[in-house]
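User: I would like a close look at a single part of this model. Please keep the sentences short and explain each term as it comes up.

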Amino acid sequence: MPASSPHTDVTITIDVIPQIYATATFSTGRITYYMNDRELIFTVGDLASYYIADGNRVIISPLTTEVEDRFLRMFVLAGAMAGILQQRKQLPLHAAGIVMEDGLTLISGHSGAGKSTTLAGLQERGYRIFTDDVTVLRQLPDDDCVRGIASYPMLKLWEQSLQTLQWNDRSFPVMPGMEKYGIFFHQHFDTQHYPVRKIILLSAGEVDKIQHEALSGSKAFTHIVQHIYKEVLFRQPATRALCFDTISAMTRHAETHLIRRPSVCDPEHLLNTVTALL
């Protein structure tokens, strides 16, 4: 939608994207990336190409007239904003977050580990949801703690999770042909930043019962670095240094816990295990 403001933080337009001189090119299946120190182009199959530059500009170039605007927007909220953050030297972590009295507790895990279902269960129990999918990590000057900033206010839940929670809202499918749905919480969106105090990592399929392990030092770092959001954008030397500095600082000031669970697991049992660590 057209918009005007006395302060424009990021401009997003639909137009023809320029050519760039790429110093790095890579592909992750459906998406191909071209980038240099200040520009990024990524193309999503036959859907659209996106140009991101200088940490403040996004140009969308649809490759078909048949795509719905909301699907174009989904890649703005994902890859394009990750590119903006990378150019601004801020680190997005694939982690949910809840606000506690002393700061943020982050919950992370690879797809299928139970992150979103656990978060929805915590919401049912009255915990204050900060973000569902991505937390932006940032260190402020003269502040030892790493702080978390929320991403877009939407829970994304698979059909199985909705059935487990007995939720009926399926009005916003995330992508065509995918049984994953968006549940919005705009009215509770929190724009403040909070110090990260705990990180809970979920892992599925390695054990026959739920196990808990406290992590520290390099072991905590090794597990957390696997959850950088759009990790392919953070492989250049300068951004690798950003990842190392930010995650190392976070693990020095936050507890890190690893919860391993079986592939088939009672969601309530997992939720109780997580709640006991809060």
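Where does Lys 89 lie? Once that is settled, please walk me through the open sheet.

Analyst: Lys 89 lies in the loop between α1 and β7 (91-93). Helices (H or I, at least four residues) and strands (E, at least two) are DSSP runs, numbered from the N terminus.

A word on the ground rules. This is a predicted model, in which local features need pLDDT of at least 70 and side-chain atom pairs count only at pLDDT 80 or more, while totals for chains, interfaces and linings use all residues. Residues are numbered from 1 along each chain as its sequence is written, and side-chain values use heavy atoms, with hydrogens and water left out.

Back to Lys 89. Its phi is near 60°, a positive value in a residue other than glycine. Most residues other than glycine have a negative phi. Lys 89 is exposed, at 58% relative accessible area. Buried means under 20% relative accessible area, exposed means over 50%, and partly exposed is in between (1.4 Å probe, protein chains only).

Now the sheet. Six strands make an open sheet, in the order β1-β6-β5-β4-β3-β2, with mixed pairing. Two strands pair if DSSP finds at least two bridges between them. The edges belong to β1 (11-14) and β2 (24-27); each has a single partner strand, so one side of each is left without a neighbour in the sheet. On average, neighbouring strands of this sheet are turned by 15° against each other, direction ignored. Axes are lines fitted to C-alpha atoms, for helices over the stretch in contact, and angles run from 0 to 180 degrees between N-to-C directions.

Start at the β1 edge. β1 pairs with β6 (residues 57-62) in the parallel sense, over four bridges. Within that pairing, Thr 11 stands opposite Arg 57 in β6. Helix α1 (residues 69-87) packs on this sheet. Helix α1 touches β1, β3 (31-35), β4 (39-44), β5 (48-53) and β6. Contact means heavy atoms within 4.5 Å. The direction of α1 makes about 25° with that of β5.

Cross to the other edge. Here β2 and β3 run antiparallel, joined by four bridges. Thr 25 has Tyr 34 in β3 as its bridge partner. β2 and β3 form a hairpin with three residues between the strands, and in it Gly 29 takes a positive phi near 85°.

Look along β3 itself. Its side chains alternate. Ile 31, Tyr 33 and Met 35 point to one face and are buried. Thr 32 and Tyr 34 point to the other face and are not buried.

Next comes the pairing of β3 with β4. These strands run antiparallel over five bridges. Tyr 34 turns up again, standing opposite Ile 41 in β4. The two strands form a hairpin, again with three residues between them.

The loops bring in charges. A salt bridge is a side-chain nitrogen of Lys or Arg within 4 Å of a carboxyl oxygen of Asp or Glu. By this rule the model has 10 salt bridges. Arg 38 and Glu 39 form one of them, with their closest N and O atoms 3.5 Å apart. Glu 39 is buried, at 11% relative accessibility. Arg 38 is partly exposed, at 37%.

Arg 38 also meets Asp 54 in a salt bridge of 2.8 Å, N to O. Arg 38 lies in the loop between β3 and β4, and Asp 54 in the loop between β5 and β6, so the pair ties together parts that are 16 residues apart in sequence. Asp 54 is partly exposed too, with 38% relative accessibility. Like Lys 89, Asp 54 has a positive phi near 60° in a residue other than glycine.

Put these pairs together. Arg 38, Glu 39, Asp 54 and Arg 57 are linked in a network of salt bridges. Arg 57 is also the residue in β6 that stands opposite Thr 11.

One salt bridge lies elsewhere in the chain. Glu 213 and Arg 260 form it, their closest N and O atoms 3.1 Å apart. The pair links distant parts: Glu 213 is in strand β16 (residues 211-215) and Arg 260 in strand β17 (residues 255-261), 47 residues apart. Glu 213 is partly exposed, at 22% relative accessibility.
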